[in-house]
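Here are my notes on this model, set out as numbered points. Please read them with the structure open.

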Amino acid sequence: MSVTLPLSTREDEPFIDARISAGNGDTLAIEMEEGTSTWTSSGGNSRKKNSRLKCFGVDLSPDNVAVAMVYFVQGVLGLAKLAVSFYLKDDLHLDPAETAVITGFSALPWLVKPLYGFISDSIPLFGYRRRSYLVLSGLLGALSWILMATFVDGKYGAAFCILLSSFSVAFSDVVVDSMVVERARGESQSVSGSLQSLCWGSSAFGGIVSSYFSGSLVDAYGVRFVFGVTALLPLITSAVAVLVKEQRVLGPARVSNVLFVNSSFLESSKENIIQLWIAFRQPHVFLPTVFIFLWQATPHSDSAMFFFTTNKLGFTPEFLGRVKLVTSVASLVGVGLYNGFLKYVPLRKIFLATTIAGSVLGMTQVFLVTGLNRQFGMSDEWFAIGDSLILTVLSQASFMPVLVLAAKLCPEGMEATLFATLMSISNGGSVLGGLIGAGMTKVFGVTRYKFDNLAALIILCNLTSLLPLPLLCLLPRDDSDTATKVKM
């Protein structure tokens, strides 16, 4: 099991940080000017013109609250994660490889995030490029879970609904990412890291809120009930859209008028693609992107381990919900660890240390598979909780630099598009890793009830996570934490 953060969780994925002091005694503030949020930095004697509550060092302006709530929804949607896993395993009787394929297939919407950026930037919906698409995303997400709770009874229908839910989350993610990147552009690594911490801290908190009930509700009421409850959660994304401060765009505002602006849309899209290609060809963007893709593309054995813990060890949905609660807290700890200590550490050192540590600690799953933990007097349940806690903290702390690096690579004027492209490439690597893991699971003969070669599969997956390390030289050398800030 590599330390790559799974999509969900966001995929991807995932599934971001706030801002804190930029240097010695520096403070950061948000000014509201003409209806837009502007970040200003000043020395130790400066003051904030508008005093607000802060989280992870970020002022909780309406825009930032909206961003945090969207990420909170991404985390709280984990309520259905265990229900989906048990539905695929017990109701549809799929094997580990098929489950891994459906999981990878559901991540496809995260691979075309730049397309959502083009649509959002070029086609204002009802006069807005942000608000309207957040509302639409929430409605589509609610629809997908309603279908899962009522009509779906086959693997293809389940795959479609999971895909639709993933699409709704991915589209809303692009919208709020554009807001985050606008604030992170030109900032130092620590400030950009703080922005990412707010978002992923919100997502982790959402995971904590939903984690325990994700298992106990499956045990008590069944998967369909959980799907029905989950259908209410995306509506939060629709509701918080009103907090986004956005000027109404002049010109065509209704979807019915899009047909009349096709030429301008195509022209705008062509120009955006050309700008994207020019930016992406630059070595300081292209080379780190290659590393991110390969770092995410290492295989993992998560599906096989889920079948082993439920079919072999007899872990119940309620217990797995408790494990999920622990990992959700651990994810928040990982965000805090990065925000408090690691955001000042050069990115190369973070990737090197967390990858090696993750590979070594990931091997401990072999203890659970072979039963060695019981020989040391530790039950399977306690070992699984401890192992998951440590690996999740490390996984989250190692994934934060990916987001920070992607935000720092974005030039002014195309933040949303390039950031979405970079994250799509990262998600593509994660999907490829999952599919490779599914193929390896098949090759090693791991099925619903046969786990003879699972230990070898785990060892190989963890060793492959070390392969991208020789390419650390592709990452940019870290600049000083006193980077000049670009006023937005």
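1. Surface. The protein exposes about 20,000 Å². Carbon and sulfur atoms supply 66% of that area. Buried residues make up 56% of the 488 residues.

2. Confidence. This is a predicted model, and its mean pLDDT is 77. A pLDDT of 70 or more is reached by 77% of the residues. Confidence is highest in helix α8 (residues 223-230), at a mean of 94. Confidence is lowest in strand β1 (residues 27-33), at a mean of 30. Over residues 1-51 the pLDDT is below 50. That stretch nevertheless has 182 contacts in the model beyond near neighbours in sequence. Residues 252-261 also have a pLDDT below 50. There, the contacts beyond near neighbours in sequence come to 11.

3. Secondary structure. The protein has 19 helices and four strands. The points below take up several of the helices, and some residues in or between them.

4. Helix α1. This helix covers residues 62-76, 15 residues in total. From first C-alpha to last, α1 reaches 20 Å, close to the 21 Å expected at 1.5 Å a residue. Is α1 mostly covered or mostly open? It is mostly covered, with 12 of its 15 residues buried. Among the buried residues are the aromatic pair in sequence Tyr71 and Phe72. Asp63, Asn64 and Gln74 are on the buried list too, as are Val67, Val70, Val73 and Val76.

5. His93. This residue sits in the loop between α2 (81-91) and α3 (96-106). Its phi is positive, near 60 degrees, and the residue is not a glycine. Most residues other than glycine have a negative phi. His93 therefore deserves a look in the backbone check, with its phi near 60 degrees and its side exposed at 55% relative accessible area.

6. Helix α10 and Trp277. Trp277 lies in helix α10 (residues 262-281). Is this tryptophan buried or exposed? Trp277 is exposed, because its relative accessible area is 54%, and exposed means over 50%. Leu418 is 141 residues from Trp277 in sequence. In space, the two C-alpha atoms are 9.5 Å apart.

7. Helix α11. Residues 283-296 form this helix of 14 residues. At 1.5 Å a residue α11 should span 20 Å, and its end C-alpha atoms are 20 Å apart, so the two values agree. The buried residues of α11 are Val285, Pro288, Thr289, Phe291, Ile292, Trp295 and Gln296. Seen down the helix axis, these residues fall within an arc of 160 degrees, so they line one face of α11.

8. Helix α12. This helix, residues 302-312, is mostly covered. Eight of its 11 residues are buried. They run from Ser303, Ala304 and Met305 through Phe306, Phe307 and Phe308 to Thr309 and Thr310. Gly314 follows α12 and has a positive phi, near 75 degrees.

9. Helix α13 and Gly321. Gly321 lies in helix α13 (residues 317-342). Its relative accessible area is 0%, so Gly321 counts as buried. What does Gly321 contact, leaving aside neighbours within four places in sequence? The partners are Leu82, Ser211, Tyr212, Ser214 and Gly215. Tyr212 is 109 residues away along the chain, yet the C-alpha atoms of Gly321 and Tyr212 are separated by 4.5 Å.

10. Helix α14 and Ser359. Ser359 lies in helix α14 (residues 347-362). With a relative accessible area of 4%, Ser359 is buried. Leaving aside neighbours within four places in sequence, Ser359 is in contact with Asn462, Leu463, Ser465 and Leu466.

11. Cysteines. How many disulfides does the model contain? With a cut-off of 2.5 Å between cysteine sulfur atoms, the count comes to zero. Cys161 is buried, because its relative accessibility is 3%. Cys461 is also buried, at 0% relative accessibility.

How values were computed. Residues are numbered from 1 along each chain as its sequence is written. This is a predicted model: local features need pLDDT of at least 70, side-chain atom pairs count only at pLDDT 80 or more; totals for chains, interfaces and linings use all residues. Side-chain values use heavy atoms; hydrogens and water are left out. Buried means under 20% relative accessible area, exposed over 50%, partly exposed in between (1.4 Å probe, protein chains only). Helices (H or I, at least four residues) and strands (E, at least two) are DSSP runs, numbered from the N terminus. The expected span of a helix is 1.5 Å times one less than its number of residues. The arc is that of the directions from the helix axis to the C-beta atoms. Accessible areas come from the Shrake-Rupley method with a 1.4 Å probe; for residues, only the protein chains shown count as cover. pLDDT is the predictor's confidence in each residue, from 0 to 100. Contact means heavy atoms within 4.5 Å.
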